[in-house]
Amino acid sequence: MFKPVVPGLYRLALGMVNAYLLYTPRGAWLIDTGDLSSGPTIANALQRMNLTPAQLRGIIITHLHYDHSGGLAYLQQHGAPAAIMHPRDADDVRHGILLRRPFRLTPPLNVAQELLDARPPAQPMGQPTVVDATAVHDTFIDDVIQVIETPGHSAGHISLLWQMHGGVLIGGDVCMHVFGLRHAVGHEDEHQATVSRRRIGEYQYDTLVVGHGTPLCGNASDRVRHIFGA
Ligand SMILES: [Zn+2]
């Protein structure tokens with residue numbers, strides 16, 4: 001079930017990962033789509049919000065990974081519109097490639113690096129989807145959702161700044177909020193990931209929501225600067 005974070009923004013916890021529903025004056029946006037099995041759960045949760053996938057104004061996906069883009073194919077098979085993504089990740093998701101290597105795991109998870117590397121590279125995991133590669137830096141979606149490029153975790157990772165309620169940053173996997181603010185589970189480019197964590201500290205927002213973990217409410221951008229530097 002979608003649960004309110006602030007008025008007009010709802011979080012759907014899908015096991016390890018979150019999806020969000022955000023209302024602008026023009027309609028409802030789904031942000032991220034969970035993993036490969038999440039489609040029916042999201043459709044049910046939308047129904048409880050009196051929405052069908054076809055009634056979504058759009059879908060925004062923060063990055064290619066299977067736990068954020070995995071439910072997209074199912075939702076599009078049930079009428080959902082094209083997803084919006086950054087060009088660097090869009091083409092892989094169109095072809096069902098939902099993880100790119102090399103992907104370096106953050107300690108202590110890096111004990112599993114060999115297992116990850118042993119899997120064949122660039123193998124399609126999902127089904128083809130329809131993606132518009134239009135989410136580049138400083139694009140405004142419905143005038144109120146600002147795209148911030150935050151590469152590193154993946155080359156086409158984006159965060160979204162919604163200019164309401166003191167500002168809400170929807171950070172995808174730019175960082176996690178699990179037992180505190182911390183680095184994501186891994187990255188394609190460590191330096192870029194560091195720069196991106198600092199970049200989100202350059203904006204002002206009261207609330208931070210991310211792919212993994214709970215919302216951080218109240219002076220969130222100050223907390224981000226404190227943990228990740230500015
Ligand atoms: Zn990810």
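**Notebook: a six-strand sheet and its core**

I started with the sheet: six strands make an open, mixed sheet, ordered β9-β10-β11-β12-β16-β17. Strands here are DSSP E runs of at least two residues, numbered from the N terminus, and two of them pair if DSSP finds at least two bridges between them. β9 (140-141) and β17 (216-217) sit at the edges with a single partner strand each, so one side of each has no neighbour in the sheet.

Note to self: this is a predicted model, where local features need pLDDT of at least 70, side-chain atom pairs count only at pLDDT 80 or more, and totals for chains, interfaces and linings use all residues. Residue numbers start from 1 along each chain as its sequence is written.

Next I looked up β11. Strand β10 (residues 145-149) runs antiparallel to β11 (residues 158-162), with five bridges joining them. I145 has W162 as its bridge partner, and I148 has S159. On to β12: β11 pairs with β12 over three bridges, also antiparallel, and L160 is matched with I170. Five residues lie between the strands of that hairpin, and H165 there has a positive phi near 55°.

Is β11 mostly covered or uncovered? Mostly covered: five of its five residues are buried (20 or more other C-beta atoms within 10 Å of a residue's own, with C-beta atoms placed from the backbone). I158, L160 and W162 point one way, S159 and L161 the other.

Last, I checked I60. Leaving out neighbours within four places in sequence, I60 is in contact (C-beta atoms, placed from the backbone, within 7 Å) with residues including W29, I31 and L160.

Note on methods. Helices (H or I, at least four residues) and strands (E, at least two) are DSSP runs, numbered from the N terminus. Two residues are in contact if their C-beta atoms, placed from the backbone, lie within 7 Å. A residue is buried if 20 or more other C-beta atoms lie within 10 Å of its own, exposed if 12 or fewer, and partly exposed in between; C-beta atoms are placed from the backbone.
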